[in-house]
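Colleague: Could you walk me through how the pieces of this model pack together? I have it open now.

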Amino acid sequence: MKIVGVAACTVGIAHTYIAQEKLENAAKKAGYDMHMETQGTIGVENELTPAEVAAADIVILAVDVKISGRERFDGKRIIQVPTEVAIKSPNKLIEKAAEVVAQQA
């Protein structure tokens with residue numbers, strides 16, 4: 001399964017990067033390919049390419065604020081949660097993503 005996502009918290013510092021790291025580690029542990037973009041105080045980092053978005057089976061948005069470029073994900077399956085959920089339960093979130101993809105396959 002291929003997953004892309006965006007992490008962005010209200011301050012754009014700590015929670016953004018913690019959510020990114022936790023989700024990437026949980027996806028790797030589950031054997032999935034994941035690319036996370038961060039949108040924080042220093043702007044967009046690890047920007048997702050159109051090819052990565054197109055190939056993704058699902059999008060995870062771990063966001064507490066409005067993100068730029070959300071329209072890139074139109075037509076994709078999206079799970080949106082606060083960064084706190086991604087930080088506290090990354091494995092459950094990745095499992096949920098897999099369930100959503102399996103149900104709609």
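Modeller: Gladly! Two strands pair if DSSP finds at least two bridges between them; strands (E, at least two residues) and helices (H or I, at least four) are DSSP runs numbered from the N terminus. This is a predicted model, where local features need pLDDT of at least 70, side-chain atom pairs count only at pLDDT 80 or more, and totals for chains, interfaces and linings use all residues. Residues are numbered from 1 along each chain as its sequence is written, and side-chain values use heavy atoms, leaving out hydrogens and water.

Colleague: In what order do the five strands of the open sheet run?

Modeller: The pairing in this sheet is mixed. S3 (43-45) and S5 (78-81) are its edge strands, each pairing on one side only. S1 (residues 2-8) pairs with S2 (residues 33-40) in the parallel sense over six bridges. The full order is S3-S2-S1-S4-S5.

Colleague: Is H1 parallel or oblique to H4?

Modeller: Axes are lines fitted to C-alpha atoms, for helices over the stretch in contact, with angles from 0 to 180 degrees between N-to-C directions. The axes of H1 (residues 14-30) and H4 (residues 90-103) come within 8 Å and cross at roughly 60 degrees. Angles under 35 degrees count as roughly parallel, over 145 as roughly antiparallel, 65 to 115 as roughly perpendicular and the rest as oblique. That makes H1, relative to H4, oblique.

Colleague: Which residues in H4 does H1 meet?

Modeller: Contact means heavy atoms within 4.5 Å. From H1, the residues are Lys22, Leu23, Ala26, Ala27, Lys29 and Ala30. In H4 they meet Pro90, Asn91, Leu93 and Ile94.
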